[in-house]
Amino acid sequence: MKTIFEKNGVSGIELTDEKEDLSFINSKFLRQSNVGLPEVSELEAMRHYKELSDKNFCIEKGFYPLGSCTMKYNPKVNEFLANLEGFASLHPHLSDEDAQGALELMYKLQEALKKITGMDAVTLQPAAGAHGELTGMMIIKKYFEVKGESRKKVIIPDSAHGTNPASAHLCGFDIVPVKSNEKGQVDINALKGLLDSDVAAIMMTNPNTLGIFEENVLEISKLMHENGSLLYYDGANFNAIMGYTNPKLMGFDVVHINLHKTFSTPHGGGGPGAGPVCVVESLKEFLPAPVVKFDGKNYYRSYDLKHSIGSVKGFFGNFGILIRAYAYILMMGKNLKEASENAVLNANYLKEKLKKAYLLPFDEPCMHEFVLSGEKQHSENGVSTLNIAKALMDENTHPPTVYFPLIVHEAIMIEPTESETKDVLDDFVNVMLKIAQEAKINPEKIISAPHTTPVKRLDETMAARHPDLSYKN
Ligand SMILES: *Cc1c(COP(=O)(O)O)cnc(C)c1O
């Protein structure tokens with residue numbers, strides 16, 4: 001440096017003393033040896049992760065109509081609150097006395113969920129919807145054990161989410177499927193034919209996975225209760241009914257709520273989530289311990305549950321998700337009803353616009369989602385639902401849920417949520433109509449999609465079983 005100054009003939013400027021030291025930290029605190037970090041700079045590392053994140057898709061990047069998953073906008077204030085020092089740094093081994101704020105939040109969330117679901121008691125422990133199902137089925141199993149009955153069968157509609165039979169089976173129940181009728185609802189007569197003294201429960205989703213409200217739900221709950229059986233409500237579709245009705249009014253006994261879906265937490269990347277389970281009065285004593293209680297002065301953990309199935313998750317479940325859900329519920333207040341209203345309106349709007357170009361197997365007013373079929377495109381042009389899903393990725397749109405529910409061939413399950421504007425919905429309609437048109441005149445283009453994404457068609461089984469996580473340019 002000194003040479004450069006001198007060579008360039010910068011004369012007249014006095015250079016500072018070579019020994020001048022600009023470190024302002026007391027030398028006794030300075031590191032004496034190399035810290036031994038990898039040989040990339042912070043900037044290089046940042047660019048690496050930014051580039052990876054740019055390759056990913058999220059709700060902030062574009063429309064995400066992934067049916068059954070409720071990919072609504074997650075307000076950023078949730079993140080701020082979940083990161084408050086008093087919550088984020090709380091040690092799980094603190095005594096109740098030293099964790100009053102966190103316990104109060106959990107208690108008040110339990111109370112809110114009781115009100116929203118109509119139920120009488122809540123556990124916040126389960127880490128996701130499927131974990132809630134498992135917890136609920138364990139409760140049902142123990143309920144019959146205590147009653148001295150050994151009922152083995154659980155009835156599940158053929159439209160159900162795969163986790164329903166998986167959870168019941170994991171608890172040792174035998175799964176009995178019940179078929180759907182021509183309206184896409186549980187076939188009551190088929191159900192009657194399945195009832196006997198060995199049936200422990202039915203697991204239902206309402207609105208069901210076709211986005212259709214089960215109009216016979218009251219008759220079903222009457223039939224089940226008369227048979228001495230219980231009703232489990234898969235609450236994944238709760239976003240359709242908030243404040244309008246609830247599972248208690250429909251006659252259910254056990255309910256799980258997917259907080260990460262209905263009550264706004266970023267999800268889809270593998271967690272964490274939260275799947276609180278709410279039960280009726282008669283099942284209160286079976287909940288996992290501890291539950292949070294309030295004695296009028298203090299909040300405390302209660303292990304005092306006569307028939308508790310035990311603990312299903314370490315400490316308090318995924319506490320950070322509970323904070324987000326509670327923040328969302330407080331912020332929304334009476335507008336939770338409006339969220340359901342707009343979710344249903346948006347779904348019906350899309351359904352009416354899209355049924356012109358795609359088959360709509362169950363043409364009825366829908367709730368918060370609906371299921372199209374790509375069968376027309378498949379049989380006429382050789383373009384499958386998978387091809388359509390991939391083509392959407394070229395249009396900055398996350399594909400809808402595909403090939404689920406299983407009872408619809410080439411299923412395309414669309415859930416817009418309440419978060420989207422009419423402009424976004426109209427853009428999506430245009431893109432879907434464009435793809436349907438393209439499938440007719442240039443099917444090759446759709447069949448070979450996506451064309452613009454960082455990776456094209458992945459071997460999904462291989463990607464799940466043998467993930468290659470190394471970074472290549
Ligand atoms: C998402 C979903 C589940 C499972 O919930 P997770 O939180 O993903 O475990 C169960 N049933 C239905 C209908 C769902 O959409």
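Select helix 5 and helix 12 in this predicted model, and display the side chains where the two meet: A102, L105, M106, K108, L109, A112, L113 and I116 in helix 5 lie against F319, L322, I323, Y326 and I329 in helix 12. Sorted by class, this contact has 12 nonpolar residues, one charged residue and no polar ones. Helix 5 covers residues 100–117 and helix 12 covers residues 319–332, and their axes, which come within 10 Å, cross at roughly 55°. Helix 5 and helix 12 are therefore oblique to each other, and the crossing in which helix 5 passes helix 12 is left-handed.

Keep L113 and I116 on screen and add F263, which is in contact with both of them. Leaving aside neighbours within four places in sequence, the contacts of F263 also take in M242, I257, N258, R324, A325, Y328, I329 and L336. Of these, I329 also belongs to the contact of helix 5 with helix 12. F263 is one of three residues, with I140 and L259, that touch the most other members of the largest nonpolar core, a set of 85 residues. A second core, separate from that one, has 26 residues, among them L360, A391, I414 and A439.

Next, select helix 6 (residues 129–147) and helix 7 (residues 163–170), whose axes come within 9 Å and cross at roughly 40°. That angle makes helix 6 oblique to helix 7, and here the crossing is right-handed. On the helix 6 side the contact is made by A130, E133, L134 and M137, and on the helix 7 side by T163, N164, S167, A168 and L170. Colouring these residues by class will show five nonpolar, three polar and one charged.

Move on to helix 15 (residues 385–393) and helix 16 (residues 422–441), which pack at an angle of about 130° with their axes 11 Å apart. Helix 15 and helix 16 are therefore oblique to each other, and helix 15 passes helix 16 in a right-handed crossing. To see the contact, show I388, A391 and L392 of helix 15 together with F428, V431, M432 and I435 of helix 16. By class, the contact of helix 15 with helix 16 has seven nonpolar residues, with no polar and no charged ones. A391, on the helix 15 side of this contact, is also a member of the second core.

Now centre the view on F428, which has its place in helix 16. Is F428 buried or exposed? With a relative accessible area of 2%, F428 is buried. Beyond its neighbours within four places in sequence, F428 is in contact with F63, P65, L350, L354, L392, T397 and I414. Among these partners, L350 is worth picking out with the distance tool, as F428 and L350 are 78 residues apart in sequence, while their C-alpha atoms are 8.5 Å apart in space. Another partner of F428 is I414, which is included in the second core.

Finally, zoom out to the whole protein chain, whose secondary structure comes to 18 helices and 12 strands. The C-alpha trace spans about 100 × 70 × 45 Å along its principal axes, and 48% of the 473 residues count as buried. If you draw the contacts between residues at least 6 apart in sequence, 68% of them join residues at least 24 apart.

Notes: Residues numbered from 1 in each chain as written. Predicted model: local features only at pLDDT ≥ 70, side-chain atom pairs only at ≥ 80, totals over all residues. Heavy atoms only, no water. Axes fitted to C-alpha atoms, helices over the stretch in contact; angles between N-to-C directions. Helix = DSSP H or I, 4+ residues; strand = E, 2+ residues; numbered from the N terminus. Parallel < 35°, antiparallel > 145°, perpendicular 65-115°, else oblique. Left-handed = near helix turned anticlockwise from the far one by under 90°. Contact = heavy atoms within 4.5 Å. Nonpolar A, V, L, I, M, F, W, Y, C, P; charged D, E, K, R; others polar. Core = buried A, V, L, I, M, F, W, Y, C linked by side-chain atoms within 4.5 Å. Buried < 20%, exposed > 50% of the residue type's maximum accessible area, 1.4 Å probe, protein only.
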